[in-house]
Amino acid sequence: MKLKSEYEIIVVGGGHAGVESALASARLGKETALITFSKNSIARMSCNPAIGGLAKSHLVREIDVLGGEMAKAIDATGIQFKMLNTSKGRAVWSLRAQADKIEYSKYMISAIMNTPNLDIIEDEAMEIIQKDNSIRGIVLRNNKKLYSKIVILTNGTFLKGITHIGNIKIQSGRYGELPSQTLSDQLKEIGFEVGRLKTGTPARVTKRSMNFTKMEIQEGDKNPQPFSYSTKNFLPKNIPCYLTYTNQKTHRLIKKDLFRSPLYTGKIDGVGPRYCPSIEDKVVRFKDKLQHHLFLEPEWENSQQWYINGLSSSLPLDTQLKMIKTVPGLENAEVVKIGYAIEYDYFPSYQIKHSLETKLISGLYFAGQINGTSGYEEAAAQGLMAAINASRQLNDQEPIIFKRNEAYIGVLIDDLCTKETKEPYRMFTSLAEYRLLLRSDNADQRLYKYAKQIKLNSPEQLDIFENNFRNIQKLIKIFKKRSLKPNNAAGIQTNKTQTINKLIKQHLIDTENIHKLHSEYFNKYSFEVLDQAFVFSLYGGYIKRQQQMVDKMKNLEKKKIPLNFDYDNVLSLSTEGREKLMKFKPETIAQATQIRGITPADIQILLLYLK
């Protein structure tokens, strides 16, 4: 391929953020270059071979509605699907899929190779080219220059990455892959603040060496749901995983060798993820726990290599080998890949706008772990939104920015822009104050109007979203009028004739017999449409209450704060409030309320001053 000298959009990094960025920008008609060390490592699952999980599944479904690829990829390559939290309310139901990580990467490579307007360049971005605080392109190895008005950096863990295994330190972005050494230094010289974070991964063991009789089998759902709204006739594989536990022998061994862990010897400066800690962290922080869950997961179909989910570690090789063999079922484990920690540079995310464009350099966007996040799903969501907004910038259109009541993507990006990321950010349902409005099942209803603006999804799929919305509203009204008698065809128990709406509120129609209601009375509607109408009827009062809270917040969103606002002139602000406002530069009063350290008094003073 003859290398062009100019593109409309350049994406740096071939991970989950970079893949979504490159696909979206090219599909939106922009001449796009994807810069990656190796095309064979595109969309590689270097850690947990899974997509979705608590709150992350909400992101995946939103990505799908907006025209991203992640949901389609996992539906095509998943080897087990399971809905989590089904014993709790619908707001926290979350789909998780075990992936065939080899096929997943192949799927994404194929998608990229077959997308017009998209070139893959196997090289390293050494520097950005900028002039007058505007991006002009990038410099590759051997001083080759690529010019562009937009650059999206999605470098993952590659910026000055260091692998740690005990006392061993290896310069790498992932184990066995070269890091990017110069880019973050240049950005620091330009004026960006740079920090260090760390993430880890556990050892892998062979299937033949595991004793499954000492573990608990973990099957997928018998009637699994897909992630993508476009997936039809869904009949995925259902390959089991297994559950086992650490024990006191494991913990004693870890404590004995803590002095050899780079986490506790000061060799790792970066902060690790609080909610996905290494086994060393778990043993130290949760001293009262006698055991910790470990999930054994195949990394691909018919794989001999299995992932020990929950045993992330950077302890020395000999300690890890002994530690693993204390676990029931792993007494004779053959380790094919040792656990390690990766430490890398990131850029604290107060330096980006809600569009994901940096505040310092116009046309330069950050997406993924470079912003301090963790997880494939968080990265993919940012990559997609960066490309959408970069394309809109080239078209002289306003960026698309979701409010916190509209999407988990909105919560994610708002948290990045208004809260300090001193540890890797991970999405949870508890972070969404309007989570009853932001259910995984209604992502299409929340976002299809935005999807129509973006135009990444097909017109046919957008029509389906719109028709579903109308049918849901129609069914909600029918439920209030139509009654069921005691001896009804669906077998729903009621001692008197009542409306379907009342039966739902009395929990006489639940998530199990909704299937019977569908087959007997409403089979002309899709089950998904009927189910959404059911959920709305069940939680109608709570949904109305959350909507009232949203309406109050909308007034604060209308109150804009100029980007060059001089907070030093507002003498009544608290000292911490002034410092945080100057640092984060919120664009609205609503955004200011989300910043930690800003008091209600600070907000009132700001409102009065702006008035």
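# Exercises on a predicted model

In helix 13 of this predicted model, the buried residues are Gln 461, Leu 462, Phe 465, Glu 466, Asn 468, Ile 472, Leu 475, Ile 476 and Phe 479. The exercises start from this helix.

**Exercise 1. Describe helix 13: what is its span, and what covers its buried residues?**

Step 1. Find the ends. Helix 13 runs over residues 459-481 and has 23 residues.

Step 2. Check the span. From first C-alpha to last, helix 13 reaches 34 Å. At 1.5 Å a residue, 33 Å is expected, and the helix comes close to that.

Step 3. Look for the cover. It includes helix 2 (56-65), helix 12, strand 23 (498-499), helix 14 (500-505) and helix 16 (527-538).

**Exercise 2. Which residues lie nearest the centre of the second largest pocket?**

Step 1. Take the volume. The second largest pocket has about 1200 Å³.

Step 2. Go to the lining. It is made of 35 residues. Nearest the centre lie Gln 225, Pro 226, Phe 527, Glu 528 and Asp 531.

Step 3. Return to the helices. Helix 13 and helix 16 each give at least two residues to this lining.

**Exercise 3. Classify the ring pair of Phe 192 and Phe 347: stacked or edge-to-face?**

Step 1. Set the scene. The structure holds 17 aromatic pairs.

Step 2. Use the geometry. The ring centres of Phe 192 and Phe 347 are 6.0 Å apart and the planes stand at 80°, so this pair is edge-to-face. The cut-off for that class is over 60 degrees.

Step 3. Place the residues. Phe 192 sits in the loop between helix 5 (183-190) and strand 13 (195-201), and Phe 347 in the loop between strand 20 (340-346) and strand 21 (364-366), so the pair ties together parts 155 residues apart in sequence.

Step 4. Check burial. Both Phe 192 and Phe 347 are buried.

**Exercise 4. Do the same for Phe 402 and Tyr 450.**

Step 1. Use the geometry. The ring centres of Phe 402 and Tyr 450 lie 4.8 Å apart with planes at 90°, so the pair is edge-to-face.

Step 2. Place the residues. Phe 402 is in the loop between helix 10 (376-394) and helix 11 (408-418), while Tyr 450 is in helix 12 (residues 443-454). The pair links distant parts of the chain, 48 residues apart.

Step 3. Check burial. Buried means under 20% relative accessible area. Phe 402 has 6% relative accessibility, so it counts as buried. Tyr 450 has 16%, so it counts as buried too.

**Exercise 5. Which arginine lies over the face of Tyr 229, and which over Trp 93?**

Step 1. Take Tyr 229. Arg 61 lies over its face, 4.1 Å from the ring centre.

Step 2. Take Trp 93. Arg 90 lies over its face, at 4.1 Å from the ring centre.

**Exercise 6. Asn 117 and Asn 302 have positive phi. Where does each lie, and is it exposed or partly exposed?**

Step 1. Take Asn 117. Its phi is near 70°, although the residue is not a glycine. Asn 117 lies in the loop between helix 4 (101-113) and strand 6 (118-122). Its relative accessible area is 29%, so Asn 117 is partly exposed.

Step 2. Take Asn 302. Its phi is about 60°, again in a residue that is not a glycine. Asn 302 lies in the loop between strand 17 (293-298) and strand 18 (305-309). At 73% relative accessibility, Asn 302 counts as exposed. The cut-off for exposed is over 50%.

Conventions:
Residues are numbered from 1 along each chain as its sequence is written. This is a predicted model: local features need pLDDT of at least 70, side-chain atom pairs count only at pLDDT 80 or more; totals for chains, interfaces and linings use all residues. Side-chain values use heavy atoms; hydrogens and water are left out. Rings of Phe, Tyr and Trp (its six-membered ring) pair if their centres lie within 6.5 Å; planes under 30 degrees apart count as stacked, over 60 as edge-to-face and the rest as tilted. Helices (H or I, at least four residues) and strands (E, at least two) are DSSP runs, numbered from the N terminus. Buried means under 20% relative accessible area, exposed over 50%, partly exposed in between (1.4 Å probe, protein chains only). A charge sits over a ring if NZ of Lys or CZ of Arg is within 6 Å of the ring centre and within 35 degrees of the ring normal. The expected span of a helix is 1.5 Å times one less than its number of residues. Contact means heavy atoms within 4.5 Å. On a 1 Å grid over the protein atoms alone, a cavity is a set of points where a 1.4 Å probe fits but cannot get out, and a pocket is an open set with protein on both sides within 12 Å along at least five of seven lines; lining residues have an atom within 4 Å of a point. Grid points are joined across faces, edges and corners, and a volume is the space filled by probe spheres set on the points.
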